[in-house]
Structure formats: structure tokens, C-alpha cells
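Let's take a friendly stroll through a protein fold. Have a look at the picture first, then read on.

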Amino acid sequence: MRVTGHRAQRTLAGTVKVEGVGIVTGSPVRVRLRPAPADTGVVFRRTDRPGAPLVPAHAAFVTDTRRRTTLGPATGGVTLVEHLLAALSGLRIDNCEIDIDGPEPPGLDGSAAGYVAAVVGCGAVEQPARRPIWATAAPVVITAGGATIGLHPSPEPGLRVSYLLDYGNFGPIHRQVFTLDVRPDEFAREVAPCRTFVTEAEAQALRDQGIGRHLTPADLLVFGPNGPIGNRVRFADEPA
């Protein structure tokens, strides 16, 4: 890896609150996104737990990745953080303190769009500290469990992501490829509205584990043999 440049760190211009119901638990939950000093990063604070423990949104604190990302311990951590963290990252919010009164952020409509709207409505400010921009010096490819991810050097500045989704010739979702130059405006328009999706078999397996039993197919994208069940895609390639 190598540093190719720097940019000013950013935080929120004010405090914003988002309320809803958790996808996993089905319980009401509230998050409050607050500005944070430079070099803080993104940190969750479990306000419903004794001592309001802090859970940094950092790879070193990941404790589970089965169907969702969990940060911190089972009793005081935070799970299914993808949509909220994607909104902050996609809008280049580097420093943010997140007060949360439950084990997971609100699921909203199953996408990051609600969080993006909240952050955009609040606004952002630049901070004096700088953040390095990293790039790979050589290709890095990792394959595991039937999935592959590769990072490749680019002569152009910025991040371009291509994703190939392929369930096979007889899968419930058709083969899709999507490429995006990841900038805040493109993220908000193209990625944030895309919802969590599962196949009908995957949905049943999750319900058997007690996860999301309060949900209906209309609350997220459940794909059966003939496409989405009780729902419609927002884009033809929404899963990708």
C-alpha cells in the first residue's frame, strides 16, 4: 500500500437523530449522530448499557460476519452496522460519535437512503487535520467461500468499484455487473437506495434462527423463483 495524497477530514455540521425498528430484533431503536473531533473516527456509544460502553467502528473490533457485521461483544456491541457506516463513508464523514440505545441501528427501508438523507440534511464541515488517501502498489486478490475480491492499482485518482453478482444459471437472481466511481453524489444516487436482499431459502434460514421474524417480503427484497416476492426492484440491477 502507498499514500497517493491527502484530503481534509470531515465531520457533521450538527447533531441529527434517526429512529426506527431494528431488522434483527424488531425492537424500536434510536441513533443520534454527533460531530466528533479530528482523528476520532466513527465510534458507537451504547447508551442503554451500564457505563455507556464505546464501540469503535474499526476492523479490529469486528467479532462476527455471518450475514451481517457485528462490532464489539455480544452484550455491549452493535450489529448490522453496514447501512449506517456505508452512509457515513460514502458521504466522506470521517469523524462521528453515534449514540445508540439498542444492539442495532434502525433498519429503515432496508437501505442506506434514510441515513444519507439525514446526513445530507445536517451538512458536513471540514476539519484542520488531514486524512491520507491510500492505493495499492500491486494487485491484491483474495478468494474464500466462493467469493473473490481484488484491489488493483489505477493511474487515475479516486476509487472505482466493479461488482459481479452470479448465483449461477439456475439461481433466483440473474447475473449482474455494476461499476461505480465512488463519490458522494454517485453513492447517494446509485448505491444508497439499494436494499438488503436475500433468496427465499436464505430468508427462511434466518427466520429459523429467530432473525427478522417480524419482517415481511415487502420490508426488504426476497427473491423467489419468479423474482422479488411481494415487492419490486428500484433498479434492474439493484442487488449488484
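## Ground rules

Helices (H or I, at least four residues) and strands (E, at least two) are DSSP runs, numbered from the N terminus. The model is predicted, so local features need pLDDT of at least 70 and side-chain atom pairs count only at pLDDT 80 or more, while totals for chains, interfaces and linings use all residues. Residues are numbered from 1 along each chain as its sequence is written, and side-chain values use heavy atoms, leaving out hydrogens and water.

## The sheet

Five strands make an open, mixed sheet in the order S2-S3-S9-S4-S5; strands pair if DSSP finds at least two bridges between them. S2 and S5 (54-56) sit at the edges, each pairing on one side only.

S3 and S9 run antiparallel, joined by five bridges. One of the matched pairs is Leu33 with Ile98 of S9.

## Helix H1

Right after H1 comes Arg92, with a positive phi near 60 degrees. The buried residues of H1 (buried is under 20% relative accessible area, exposed over 50%, partly exposed in between; 1.4 Å probe, protein chains only) are His83, Leu84, Ala87, Leu88 and Gly90. They pack against S3, S4, S9, H2 and helix H3 (184-191), where contact means heavy atoms within 4.5 Å.

## The core

A nonpolar core is a set of buried Ala, Val, Leu, Ile, Met, Phe, Trp, Tyr and Cys residues joined through side-chain atoms within 4.5 Å. The largest one here has 27 residues, with Leu33, Phe44, Leu88, Cys96 and Ile98 making the most contacts inside it. H2 gives the largest share, four residues.
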